[in-house]
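Dear colleague,

Please find below the structure that I am handing over to you, together with its sequence. My findings follow underneath, and I would be grateful if you read them with the structure open.

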Amino acid sequence: MSRLNFVLLLAVLASGILMVRSAYEARRLFTEIDRAQAEARRLDADLQRLQAERQAQATNLRVEKVARERLNMRAITPAISQQASLHMDGSASGVAR
């Protein structure tokens with residue numbers, strides 16, 4: 001009878017150890033999920049901020065200002081424009097007959 005009690009005691013101790021280990025693992029995994037969700041929220045906030053910055057950078061006034069200041073571009077006027085015309089005759093069309 002004492003052997004049976006000893007085997008049952010070992011079984012109870014083993015199941016208790018396994019239960020504590022599984023509870024610890026569940027807490028560890030829950031903490032990892034919580035961290036991952038916090039990181040996802042942070043990345044989502046960064047994405048929204050970057051999209052707002054991109055929209056602010058791409059406004060027509062900003063593009064025009066950058067073109068004027070950095071690229072030394074200016075608005076086109078009839079005084080500075082030139083017209084080019086292309087005259088093509090039948091021999092220079094490049095079409096094989």
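To begin, please locate Leu-13, which lies in helix 1. Please keep in mind throughout that this is a predicted model.

Is Leu-13 buried, partly exposed or exposed? Its relative accessible area is 47%, so Leu-13 is partly exposed. Leu-13 also belongs to a nonpolar patch on the surface, in which the other members are Phe-6, Val-7, Leu-9 and Leu-10. Together these residues have about 480 Å² of accessible area.

I then turned to the charged side chains. How many salt bridges does the count come to? The count comes to 6 salt bridges, and three of them are described here, each with its own bridge distance.

One salt bridge joins the side chains of Glu-32 and Arg-28, with a distance of 3.3 Å from N to O. Both residues lie in helix 1, which covers residues 2-57. They are 4 residues apart, about one turn of the helix. Glu-32 is partly exposed, at 43% relative accessible area, and Arg-28 is partly exposed as well, at 36%. This pair also takes part in something wider: Glu-25, Arg-28 and Glu-32 are linked in a network of salt bridges.

Another salt bridge is formed by the side chains of Arg-49 and Glu-53, at 2.8 Å from N to O. How many residues apart are Arg-49 and Glu-53 in helix 1? They are 4 residues apart, so about one helical turn separates them. Arg-49 has a relative accessibility of 41% and therefore counts as partly exposed. Glu-53, at 38%, likewise counts as partly exposed.

The last pair that I wish to show you is in helix 2, which covers residues 60-69. Here Glu-64 forms a salt bridge with Arg-68, and the closest N and O atoms are 2.8 Å apart. Glu-64 and Arg-68 are 4 residues apart in this helix, so they are separated by about one helical turn. With a relative accessible area of 43%, Glu-64 is partly exposed. Arg-68 also counts as partly exposed, at 44% relative accessibility.

When you go through the model yourself, I suggest viewing the patch that includes Leu-13, then the network of Glu-25, Arg-28 and Glu-32, and then the pair of Glu-64 and Arg-68.

Yours sincerely,
A colleague

Note on methods:
Residues are numbered from 1 along each chain as its sequence is written. This is a predicted model: local features need pLDDT of at least 70, side-chain atom pairs count only at pLDDT 80 or more; totals for chains, interfaces and linings use all residues. Side-chain values use heavy atoms; hydrogens and water are left out. A salt bridge is a side-chain nitrogen of Lys or Arg within 4 Å of a carboxyl oxygen of Asp or Glu. Helices (H or I, at least four residues) and strands (E, at least two) are DSSP runs, numbered from the N terminus. Buried means under 20% relative accessible area, exposed over 50%, partly exposed in between (1.4 Å probe, protein chains only). Patches are made of residues with over 30% relative accessible area and no salt bridge: like charges are joined within 9 Å, nonpolar side chains (Val, Leu, Ile, Met, Phe, Trp, Tyr) within 5 Å. Accessible areas come from the Shrake-Rupley method with a 1.4 Å probe; for residues, only the protein chains shown count as cover.
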